[in-house]
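Hi everyone, thanks for making the time. I'd like to walk you through a structure that is new to most of us, so please have a look at it while I talk.

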Amino acid sequence: MLKLLPRDTRDTLFILAVIGWIVLMQVPHLPWWTSTIAAGVLVWRAVLTWYQRPLPRWTWRVLLLALILGATWWTHRTLLGRDAGVTLIVTLLALKTLELRARRDAFVVFFLGFFTLLTHFFYSQSLLTAAGILIALLGLLTALVNAHLPVGRPPLWQSARTAGGMALLGAPIMLVLFLLFPRMAPLWGMPNDAMTGRSGLSGEMRVGEVASLALNDDIAFRIRFDGRPPPQQALYFRGPVLSDFDGQRWRALRMPFPARTPAAADLQVSGPPVRYEVTLEPHQRPWLFVLEATPEAPTLEGDQARMLHSLQWVTERPVMERLRYRAESYPDFRHGPLQASLGLQAFVELPPGYNPRTLAWAQTLREQVGKGPDFSRRAVAAVMDHLRTGGYTYTLEPGVYGTHTADEFWFDRKAGFCEHIASSFVILMRALDIPARIVTGYQGGEINTVDGYFTVRQRDAHAWAEVWESGRGWVRVDPTSAVAPGRTGSFDRLLAPENAFTGALRSLNPTLAAQWRNMWEAVNNRWNQWVLNYTQGRQLDLLRQLGFKTPNWQDLVTVLAGLLVLVSLAGAGWQLWERQQHDPWLRLLRQLRQRLQRLGLDTADHMPPRTIAQLVARHFGDTDFSRSVTQWLMRLEALRYAPQSADSLGTLRQAYRQIVWPSQAPD
């Protein structure tokens, strides 16, 4: 079909298709009206091109521009910033096609398209995004090459082949720049965090406000253990610790001293350590996730980590880009004061007027358990046994809770997910005057059988409790494991709902879907490790492998400059060689002309073989030499212009070497 269209129509439709692909990749990040306007404009321009109708007048473009500016302001309340800027650049790219008349306009569209490609990295730097951008880049390069071929009707595949060759020639330079160009601060912003109603972590916990929990299957972090990983039920990755409760919301305890000088955690560890490397996805918070418990700071590049009094590790700034660090944890540990102290009073406080039935039940439990030095341990055991036998269930759709969340859980609904269970448990412990707090983080994960990495997802976000016991300090208690043991085990992990394709694939082959997923995540992990996580530290490691003892960024610049000089010299040499290798037929004719010049016969560059043969006959007369040269020149002309010639370049080169040249020019 494209072969039957006029060239202008074909080329314009191709450009519109490339722009459509660029816009399509941005659709998940654009307001609905942006995608609608961009698609409408592109379809409008395609219809005008197909039927070869004139472009709309400038008044239409002005009206559309005013509509776009107004809608952008209405949506984002600004015309500046990342989201508003991307909205404008995408719509203006589509709008520019309505004045695509001349080659100059096409060049503006091309380079505006190149700029729009960069905006995709504001939202994602994944392997899939890079593949989509590569396709768009080759499409724009094809259109650009095609625009520089104004004569005739060159096929698009020829322009695409030229564009692909250009990209391959530029690949070595790109690789050198990637490896050696000094790493700078991240240039790309990350998507906003929206955790409400989805599994994951937040800086606070609002109990009962989410009617249903949608499982988020996004990856939170990956782990590579140096040896065999611990068992599933021991994988507790510590995050924010919540101790301040106002009746509906749990928050971190506000300490009376500056956060930069936290109280001592009194951490003591024993037994063999577990060593591992974490690749943490960006989450816009300063939290580092490590196995409980980690006494030494994780080793990370370009930043420092510190441990809060709650054993949580944090960085100096939010994690805005993918971060890799090593850590060493001890599953056997003890922390917190061993004897009662004034600081523990904050962990038994409850707001007045909430959960009266739970408070009354606590008094009954106090009488049933009895007094004694091990009161805390016996009370915890009694409540855990009540959770196992009291008909409580773990559900992702508990409905919206009211004001007295603990009362509803213990006596009415008897159902909830981990935040309901942990919150109700801690409230009951505090009602028993047992210091208690909520710990949030991640529990469990799954092994990727392809690359051996342990993957922890947002759906593995979890909340558990810590209670204080005399002589033992803070002790982990996970009440969810009493309600749903499989939640913290290996056999009943939470799974996100499948789409239609995944469900159909799993029904045909139960293991094929998991294998494909593991393979894709392994490939994507390699992309993250070797491309996105290629930091300045790894650059300096490369220089060490090249022989530098103490490399720094000045050495990077020196090596990069040296390689660029070598590449430039190689390019100049290639250009010189190319100049000598134009056309083998012309090169053979030039050799003969140079030989004739040394014998005193000058010929112009534009002379064809027949004219040179006539000059040879007049200059050298009727001799064997002139006859052999004349005959050779006519054979050379026939090879070029005759429909069928018995000669080839090889036979003519051999015949040229057999010519007997006179030792000097004739008198």
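I'll go through a helix, then some salt bridges, a little sheet, and finally the aromatic rings.

One thing up front: this is a predicted model. Please keep that in mind throughout.

Let's start with helix H5, which covers residues 103–118. That's 16 residues, and from its first C-alpha to its last the helix reaches 23 Å. At 1.5 Å a residue you'd expect 22 Å, so to speak, and H5 is close to that.

Which residues of H5 are buried? The list is Asp-105, Ala-106, Val-109, Phe-110, Gly-113, Phe-114, Thr-116 and Leu-117. And what do they pack against? Three other helices: H1 (7–26), H4 (82–96) and H6 (127–147).

Let's visit two of those neighbours. In helix H6 you'll find Ala-147. With a relative accessibility of 14%, Ala-147 counts as buried, because the cut-off for buried is under 20%. Leaving out residues up to four places away in sequence, Ala-147 touches Arg-103, Phe-107 and Phe-110. Now look across to Asp-11: its C-alpha is 8.4 Å from that of Ala-147, although the two are 136 residues apart along the chain.

Asp-11 also turns up in a polar contact, side chain to side chain, with Arg-10 at 2.9 Å. Arg-10 is found in helix H1. Is that arginine buried or exposed? Buried, with a relative accessible area of just 4%.

On to the salt bridges. How many does the structure hold? There are 29, and I've picked three.

In pick number one, Glu-292 pairs with Arg-476, and the closest N and O atoms are 2.6 Å apart. Glu-292 sits in the loop between strand S9 (290–291) and strand S10 (299–300), while Arg-476 is in strand S21 (residues 473–477), so this pair ties together parts that are 184 residues apart in sequence. As for how accessible the partners are, Glu-292 is buried at 6%, whereas Arg-476 is partly exposed at 31%.

Next up is the salt bridge between Arg-306 and Glu-316, at 3.8 Å from N to O. Arg-306 belongs to strand S11 (residues 305–307), and Glu-316 to the loop between strand S12 (313–315) and strand S13 (323–329); the two residues are ten apart. Both ends are partly exposed: Arg-306 has a relative accessible area of 23%, and Glu-316 comes in at 37%.

My last pick is Glu-469 with Arg-377, where the closest N and O atoms are 3.7 Å apart. Here a strand meets a helix: Glu-469 is in strand S20 (residues 461–469) and Arg-377 in helix H9 (residues 375–389), so the pair joins parts 92 residues apart in sequence. Glu-469 counts as buried at 6%, and Arg-377 as partly exposed at 47%.

There's a network here too. Through shared partners, salt bridges link Arg-238, Glu-292, Arg-437, Glu-466 and Arg-476. You've already met Glu-292 and Arg-476 as a pair.

Now for the sheet. S11 and S12 come back here, in an open sheet of three strands with the order S8-S12-S11 and antiparallel pairing. Which strands are at the edges? Strand S8 (287–288) and S11, each of which pairs on one side only. Between S11 and S12 there are three bridges. If you want to find one of the partnerships on screen, look for Met-307, whose bridge partner in S12 is Trp-313.

Finally, the aromatics. Searching the whole structure gives 23 aromatic pairs. In one of them, Phe-111 and Phe-114, the ring centres are 5.9 Å apart and the planes are at 50°, so the pair is tilted. That takes us back to helix H5, where both residues lie, three residues apart, or about one turn of the helix. Phe-114 is buried, at 18%.

Compare that with Phe-620 and Phe-625: their centres are 5.0 Å apart and their planes are at 80°, so this pair is edge-to-face. Both of these residues are buried.

And to finish, look for an aromatic cluster made up of Phe-221, Phe-237, Trp-287, Phe-289 and Tyr-442.

That's my tour. Thanks for listening!

Notes. Residues are numbered from 1 along each chain as its sequence is written. This is a predicted model: local features need pLDDT of at least 70, side-chain atom pairs count only at pLDDT 80 or more; totals for chains, interfaces and linings use all residues. Side-chain values use heavy atoms; hydrogens and water are left out. Helices (H or I, at least four residues) and strands (E, at least two) are DSSP runs, numbered from the N terminus. The expected span of a helix is 1.5 Å times one less than its number of residues. Buried means under 20% relative accessible area, exposed over 50%, partly exposed in between (1.4 Å probe, protein chains only). Contact means heavy atoms within 4.5 Å. A polar contact is a pair of N or O atoms within 3.5 Å; within protein, one must be able to donate a hydrogen and the other to accept it, and residues adjacent in sequence count only if both atoms are side-chain atoms. A salt bridge is a side-chain nitrogen of Lys or Arg within 4 Å of a carboxyl oxygen of Asp or Glu. Two strands pair if DSSP finds at least two bridges between them. Rings of Phe, Tyr and Trp (its six-membered ring) pair if their centres lie within 6.5 Å; planes under 30 degrees apart count as stacked, over 60 as edge-to-face and the rest as tilted.
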